[in-house]
Amino acid sequence: MYERWAVAYEPYDMEQGKFFWLRDSCGEIVIFGSKCEAERWVLAEISFGMDTDDIIYIRLPRKNA
């Protein structure tokens, strides 16, 4: 079964529950194949100044679901 995960970080509207999404250089939301893969990426790139308490891992529905 193929999973899809995205990473949201740094809230920009806490009252509305809105966060910035991790995006690639083209502006597309980065999709990971597993939560573990997303977590490894975040830990490797944590230098971009985010607090790990502000990171949310979101499981997305499968494309064909």
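**Aromatic contacts, core and salt bridge**

Tyrosine Y12 makes a convenient starting point: with a relative accessibility of 48%, Y12 counts as partly exposed, a class that lies between buried (under 20% relative accessible area) and exposed (over 50%), using a 1.4 Å probe and protein chains only. The model is predicted, so local features need pLDDT of at least 70 and side-chain atom pairs count only at pLDDT 80 or more, while totals for chains, interfaces and linings use all residues. Residues are numbered from 1 along each chain as its sequence is written, and side-chain values use heavy atoms, with hydrogens and water left out.

Across the whole structure, three aromatic pairs are found; rings of Phe, Tyr and Trp (its six-membered ring) pair if their centres lie within 6.5 Å, and their planes count as stacked under 30 degrees apart, edge-to-face over 60 and tilted for the rest. One of these is the tilted pair of Y9 and F20, with 6.4 Å from centre to centre and 35° between the planes. Y9 belongs to strand β1 and F20 to strand β2 (residues 18-21), so this pair links distant parts of the chain, eleven residues apart. Y9 is buried, at 17% relative accessibility, whereas F20 is partly exposed, with a relative accessible area of 37%. F20 also meets Y12: their ring centres are 4.7 Å apart and their planes stand at 45°, so this pair is tilted too. Together, Y9, Y12 and F20 form one aromatic cluster.

Y9 leads on to the interior, as one of the eight residues of the largest nonpolar core. Such a core is a set of buried Ala, Val, Leu, Ile, Met, Phe, Trp, Tyr and Cys residues joined through side-chain atoms within 4.5 Å. Here, Y9 is joined in the core by W5, V7, L22, F32, A38, V42 and I55. Strand β1 and helix α1 (35-44) each supply at least two residues, and β1 gives the most, with three.

How many salt bridges does the structure hold? There is one, a salt bridge being a side-chain nitrogen of Lys or Arg within 4 Å of a carboxyl oxygen of Asp or Glu. The partners are R59 and E3, whose closest N and O atoms are 3.4 Å apart. R59 lies in strand β3 (residues 56-60) and E3 in the segment before β1 (4-13), so the salt bridge ties together parts that are 56 residues apart in sequence. Both partners are partly exposed: R59 has a relative accessibility of 47%, and E3 has one of 25%.

Conventions
Helices (H or I, at least four residues) and strands (E, at least two) are DSSP runs, numbered from the N terminus.
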